[in-house]
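Open the structure in your viewer and keep the sequence panel visible. The tour goes from one selection to the next and says what is there.

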Amino acid sequence: MRWLCAALLLGALAGAPAAQVADSLARPAAPPVSLDTLTRTPRGAVTRALLLPGLGQVYNRQSVKAPVAAALVAGAVVYFVDRQRQYILYRRAAAYAGCVESPGDPESSPDRVTLCADVLVADMDEYNRLNAQTSTTLTSSTLRSIRATARSQRDIGGVVVLAAYALQALDAYVSAELADFDVSEDLSIRLLPRPSGPAMGLRVRL
């Protein structure tokens, strides 16, 4: 009888490892943080983004975002340059029209006569070009109004350039700052329907 019990005990011990099953509730191992991620810094990303738009995204290994950042800044710069050229065009044309309408009196305003003498020679092409485009003779008041609009659009374009530049640099900084942030299922935010309305919940699994 003893030998029978001993045989059953040995058989049970031998079969125990095979009966083990994987724990379905076991937490998956966190992905290792690469050395490349650790060596990248937010300061390095911002510095590169300020040197060349999109370079900060390349530094963060986000090559897909790099052309978007570069195109954003380039588009803003193109708009600013175009508005600046339009402003200069209307400014010179307005000066020409003003001198045509009021060239000044040699005795009472000799300085204006001298100024208009230069303007009538230098800015005539711009004035004639605008008249040809509009098929009408533009007055100085109309040109001054258009010039003011072009100047406002140029100023807005300058603000857009600065905003686009800062935005892509900020994106590079935030991406570098969150490069080693844990985005596993242990930390998640979900929008859940509630009887009182939509609610947002934050779950942290320790």
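**Stop one: a residue at the surface**

Select Val174, which is partly exposed, with a relative accessible area of 37%. A residue counts as partly exposed between the cut-offs of 20% and 50%, so Val174 falls in that class at 37%. Keep in mind that this is a predicted model. Val174 has its place in helix 8.

Now add Leu72, Leu167, Leu170, Tyr173, Leu178 and Phe181 to the selection: together with Val174 they make a nonpolar surface patch of about 640 Å². Which helix gives the most to this nonpolar patch? Helix 8 does, with four residues.

**Stop two: the start of helix 8**

Helix 8 covers residues 140-177, and Ser140 lies in it. Is Ser140 buried or exposed? Ser140 has a relative accessible area of 6%, and the cut-off for buried is under 20%, so Ser140 is buried. Show the contacts of Ser140, leaving out residues up to four places away in sequence: Ser140 touches Ala94, Ala97, Gly98 and Glu101.

**Stop three: two rings**

Select Tyr96 and Tyr127 next. A pair of aromatic rings is described by the distance of the centres and the angle of the planes. The count of aromatic pairs comes to one. In this pair, the ring centres of Tyr96 and Tyr127 are 4.8 Å apart and the planes stand at 35 degrees, so the pair is tilted. Tyr96 belongs to helix 5 (residues 65-101) and Tyr127 to helix 7 (residues 124-134), so the pair ties together parts that are 31 residues apart in sequence. Tyr96 counts as buried, at 11% relative accessibility. Tyr127 counts as buried too, at 11%.

**Stop four: a charge over a ring**

Select Arg154 and Tyr87. What sits over the ring of Tyr87? The charged end of Arg154 does, 4.7 Å from the centre of the ring.

**Last stop: the whole chain**

Clear the selection and colour the protein chain by secondary structure. The protein chain has eight helices and two strands. Read from the N terminus on, the elements run α-α-α-α-α-α-α-α-β-β. Of the 206 residues in the protein chain, 24% are buried.

Switch on the surface: the protein chain exposes about 14600 Å², and carbon and sulfur atoms supply 64% of that area. For contacts between residues at least 6 apart in sequence, 59% join residues at least 24 apart.

Definitions and conventions: Residues numbered from 1 in each chain as written. Predicted model: local features only at pLDDT ≥ 70, side-chain atom pairs only at ≥ 80, totals over all residues. Heavy atoms only, no water. Buried < 20%, exposed > 50% of the residue type's maximum accessible area, 1.4 Å probe, protein only. Contact = heavy atoms within 4.5 Å. Areas by Shrake-Rupley, 256 points an atom, 1.4 Å probe, with all protein chains shown as cover. Patch = residues over 30% accessible without salt bridge, like charges linked within 9 Å, V, L, I, M, F, W, Y side chains within 5 Å. Salt bridge = Lys/Arg side-chain N within 4 Å of Asp/Glu carboxyl O. Phe/Tyr/Trp six-rings, centres within 6.5 Å; stacked < 30°, edge-to-face > 60°. Lys NZ or Arg CZ within 6 Å of the ring centre and 35° of its normal.
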